[in-house]
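The following exercises ask the reader to work through selected features of a protein model. Each task is followed by a solution in steps.

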Amino acid sequence: MPPVDIQADRQMDLLAAAVTTCATGRSAVKIRDFVRETGLDRRDVTPALRFLTDTGLLSSGPAGWTPTVSGVRVGQLWTANREAARTVFGEVWRDSWVYQLLIDSVHPGVALSADEIGKAMRPYRTSQLTPWVHLVDWLELARYVERDDDGHLRLSQAASADAGAEKATHGKEEDDEQQTPAPDTSSPQLGLVLPLSMDQLLHLSAEDYGAVMRSLATIYDVLSRQRA
């Protein structure tokens, strides 16, 4: 999730700094380089870099951070033409978990506040709301949501179309599931059953999804040792 202490456009400055630095021949960018180039505090840089990496704009390694192909496209434009950069950003981020979660969570045409969008997108009611509200800054930056004159937010035309198509697909899948005969449970089933549905799995953040996968891997490892 994005850090709560700095706005999305300032975090995007980090991406632009990575692109600029690597264009000089550097193989990767270190935290001290980001601090020098952007003027941001070190404590804000690290969580911002984590978010940029989780959403596919940066990649990290032992030497530091480098922009991905998508990150280069956005970062090259950010300094010279932010409006053009926002357009490209909206295009490349459509494959991210953020966009998928948005169109699954928010209904087209409904006017909402930033808090209401954050509440709709967070996977659990017990999750802290503030990071999800700050995520709305990124949704505006990518033009996935648009602000009315009265300050309310709605899905953009393109996002509304994708949300409508997504909900129609889910409706068809639910109809197909209702027509599918129930599986035979008379014999013991092998393997593990996830304690959440595939739809819930898709709604997890990248951090929560990784935690679930790591937990499953640990369980499988334990069972494998017992069977050996």
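The model shown is predicted.

**Exercise 1. Determine what follows helix α2, and establish which of its residues are buried and which are exposed.**

Solution.

Step 1. Begin at the end of the helix: α2 is followed by G39, a residue with a positive phi, near 80 degrees.

Step 2. Identify the buried positions. Within α2, which comprises residues 31–38, I31, D33, F34 and T38 are buried.

Step 3. Examine how these positions are arranged around the axis. They span an arc of only 155 degrees, and therefore lie on the same side of α2. As a general point, an α-helix has 3.6 residues a turn, so residues three or four places apart point the same way.

Step 4. Turn to the other side of α2, where R32 and R36 are exposed.

Step 5. Ask what covers the buried residues. The cover includes α1 (8–22), α3 (42–54) and β2 (64–67).

**Exercise 2. Locate the salt bridge between D33 and R26, and classify each partner as buried, partly exposed or exposed.**

Solution.

Step 1. Find the contact between the charged groups: the side chains of D33 and R26 form a salt bridge with an N to O distance of 2.5 Å.

Step 2. Classify the acidic partner. D33 has a relative accessible area of 4%, and buried means under 20%, so D33 is buried.

Step 3. Classify the basic partner. R26 has a relative accessible area of 35% and is partly exposed.

Step 4. Place the pair in its surroundings. R26, D33, R36 and E37 are linked in a network of salt bridges.

**Exercise 3. State how many salt bridges the whole structure contains, and describe those of R73 with E91 and of E140 with R147.**

Solution.

Step 1. A search of the whole structure yields 12 salt bridges.

Step 2. Consider R73 and E91, whose side chains meet in a salt bridge at 3.3 Å, N to O. R73 belongs to helix α4 (residues 69–78) and E91 to helix α5 (residues 82–92), so this pair ties together parts that are 18 residues apart in sequence.

Step 3. Compare the accessibility of the two partners with the classes. R73, at 39% relative accessible area, is partly exposed, and E91, at 44%, is partly exposed.

Step 4. Consider E140, which forms a salt bridge with R147; their closest N and O atoms are 2.6 Å apart. R147 is partly exposed, its relative accessible area being 45%.

**Exercise 4. Characterise the second largest pocket by its volume and its lining.**

Solution.

Step 1. The volume of the second largest pocket is about 170 Å³.

Step 2. Its lining consists of 14 residues, and those nearest the centre are G90, A142, R143, Y144 and A158.

Step 3. Assign the lining to elements. Those that give two or more residues are α5 and α9 (157–179). The most is given by α5, with 4 residues.

Step 4. Describe the chemical character of the lining of the second largest pocket: 5 residues are nonpolar, 4 polar and 5 charged.

**Exercise 5. Where is S127 found, is S127 buried or exposed, and which residues does S127 touch?**

Solution.

Step 1. S127 is located in the loop between α7 (114–121) and α8 (130–141).

Step 2. The relative accessibility of S127 is 18%, so S127 counts as buried.

Step 3. Leaving aside residues up to four places away in sequence, S127 touches R122 and W132.

Methods:
Residues numbered from 1 in each chain as written. Predicted model: local features only at pLDDT ≥ 70, side-chain atom pairs only at ≥ 80, totals over all residues. Heavy atoms only, no water. Buried < 20%, exposed > 50% of the residue type's maximum accessible area, 1.4 Å probe, protein only. Contact = heavy atoms within 4.5 Å. Salt bridge = Lys/Arg side-chain N within 4 Å of Asp/Glu carboxyl O. 1 Å grid on protein atoms, 1.4 Å probe; cavity = no way out; pocket = protein on both sides within 12 Å on 5 of 7 lines; lining within 4 Å. Points joined across faces, edges and corners; volume = space filled by probe spheres on them. Arc of directions from axis to C-beta.
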